Amino acid sequence: MRYVSFLIKPASSACNMRCRYCFYEDEAESRSVHNYGLMTDATAETLLREGFALVDPGGTVSFLFQGGEPTLAGLGFFRRFTARARELCPEGASLSFAIQTNGMVLDEAWAEFFKEEDYLVGLSLDGFRELHDLYRRDAGGHDTFARTRRALGLLSRHNVRTNILTVVTAQAAKRPDSLYNELKKLGARYMQFIPCLDPIGEARGGRPWSLTPEAYGAFLCRLFDLWYADWAKGDWHSVRFFEDHVNLLLGAGASSCAACGQCGSYFVVEADGGVYPCDFYAMDDWRMGTLGHDALADMAGGDVARRFLQWGAEKPAECASCRWRGLCNGGCRNDWTGHESAPHNYYCDAFRRYFAHAEARLGEVARAEARARAGR
């Protein structure tokens, strides 16, 4: 494999926050085992050895740590994992490390480690205080915005590569200007906006934070206007959602599986060594096997993996005649609603509205990027 990617849950579903919209807490509750504890060094060793055995000469192996809250595994775990990865990495192969964190436990030692080891740190921050503290509270029910902002400042002082991840709730969708401008004021150059999820098995739209297609479409259009205006005047900010579509127009592929319409692009590894094909499907029915008991290569080519890839390759029938099929690719399978025989992407109307609104300017940005790349 040219690219081998892992999303690792070193502290399983454990977390020091109680975000009301947390999708992984909801997902873990649907499993027979809610929390698999902390990943051992022995499990990490097996993961590394089997992962490196899969990579082609000159290929890339990437490790993204997520949760729950992955920092609860302790800085010592990350030091040992990273050092061992560098020791075992095959000659000529490339490594990349990233972590998604709420920032609650970050201190100077963590920041120095991230800088020394060149980690990309995704920090979960919902824009401004009022919006962030509405749903992102700690285990004691206290506000967390000030602590998250402190973590951002700490990472900035140490020149750690940082990406801000913001969950788009019903409330956030109403305030794209405030959200985008506040993130810029905080110094964010890399931003990622993800739609909020409703609990598994519930009809969409019934929670206070639920994001409707209408609200999401309006949000995407206004956010694009703000992003494009900055780009046009040379004030570049990275918004992953828009840049994925620019890259698709360039034929370069997208950075997210939702944008490229391809499931199964990485392995999810739970703390006990359990392997799953997707973060949204780390549930019992989709467990591919367990490191130490099953070979990763066998899991990658096994029945569960094949079933998941085939399932993810299917698209709603309406996609076939959609003019934006090449940019949308059906979206994330997790957003499909309706009967299996007639699936529909819940956010289809939002995406259609956004593409119609942004198509010409996306093309403009793509052409400018093509010229820039040709001149390098």
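Trainee: Leaving aside its neighbours within four places in sequence, which residues is Pro 213 in contact with?
Mentor: In this predicted model, Pro 213 is found in helix H9, which covers residues 213-232. Pro 213 has a relative accessible area of 18%, and because buried means under 20%, Pro 213 counts as buried. Once neighbours within four places in sequence are set aside, the residues in contact with Pro 213 are Tyr 346, Tyr 347 and Ala 350.

Trainee: How many Å apart in space are Pro 213 and Gly 234, C-alpha to C-alpha?
Mentor: Along the sequence, Pro 213 and Gly 234 are 21 residues apart. In space, taken from C-alpha to C-alpha, the separation of Pro 213 and Gly 234 is 31 Å.

Trainee: Is His 245 buried or exposed, and which residues does His 245 touch, not counting those up to four places away in sequence?
Mentor: His 245 is found in helix H10, residues 240-249, and its relative accessible area of 3% makes it buried. A polar atom of its side chain lies 3.2 Å from the backbone oxygen of Phe 241. Not counting residues up to four places away in sequence, His 245 touches Leu 327, Tyr 354, Phe 355 and Leu 362.

Trainee: Which strands are the edge strands of the open sheet of 10 strands?
Mentor: The order of this open sheet is E7-E6-E5-E4-E3-E2-E1-E8-E9-E10, and its pairing is mixed. An edge strand here pairs on one side only, and the two that do so are strand E7 (238-239) and strand E10 (289-290).

Trainee: Which residue of E3 stands opposite Phe 65?
Mentor: Strand E1 is joined to E2 by 6 bridges, the two running parallel, and in this pairing Ile 8 stands opposite Phe 65. Strand E2 (residues 60-65) is also joined to strand E3 (residues 94-101), again by 6 bridges and in parallel. In that pairing with E3, the residue opposite Phe 65 is Ile 99.

Trainee: Which helix makes a right-handed β-α-β unit with E3 and E4?
Mentor: E2 and E3 make a right-handed β-α-β unit with helix H3, residues 75-88. Moving on to E3 and strand E4 (residues 119-124), these run parallel and are joined by 5 bridges, with Ala 98 and Leu 120 as bridge partners. The right-handed β-α-β unit of E3 and E4 is made with helix H4, residues 108-116.

Trainee: Why are the buried residues of H2 on the same side of the helix?
Mentor: Helix H2 (residues 41-54) has 14 residues and reaches 20 Å from its first C-alpha to its last. Its buried residues are Thr 43, Ala 44, Leu 47, Leu 48, Gly 51, Phe 52 and Leu 54. These residues are on the same side of H2 because they cover an arc of only 155° around the axis.

Trainee: Which residues are exposed on the other side of H2?
Mentor: The buried residues of H2 pack against several elements, including strand E1 (3-8), H3 and helix H12 (296-300). On the other side of H2, the exposed residues are Ala 42 and Ala 53.

Trainee: How many of the residues of strand E5 are buried?
Mentor: In a regular strand the side chains alternate between the two faces of the sheet. In E5, Thr 162, Ile 164, Thr 166 and Val 168 are buried on one side, while Asn 163, Leu 165 and Val 167 are buried on the other. With both faces covered, the count for strand E5 (residues 162-168) is 7 of its 7 residues.

Key: Residues numbered from 1 in each chain as written. Predicted model: local features only at pLDDT ≥ 70, side-chain atom pairs only at ≥ 80, totals over all residues. Heavy atoms only, no water. Pairing = 2+ DSSP bridges. Helix = DSSP H or I, 4+ residues; strand = E, 2+ residues; numbered from the N terminus. Right-handed = clockwise from strand over helix to strand, strands pointing away. Expected span 1.5 Å × (residues − 1). Buried < 20%, exposed > 50% of the residue type's maximum accessible area, 1.4 Å probe, protein only. Arc of directions from axis to C-beta. Contact = heavy atoms within 4.5 Å. Polar contact = N/O pair within 3.5 Å; in protein donor to acceptor, adjacent residues only side chain to side chain.
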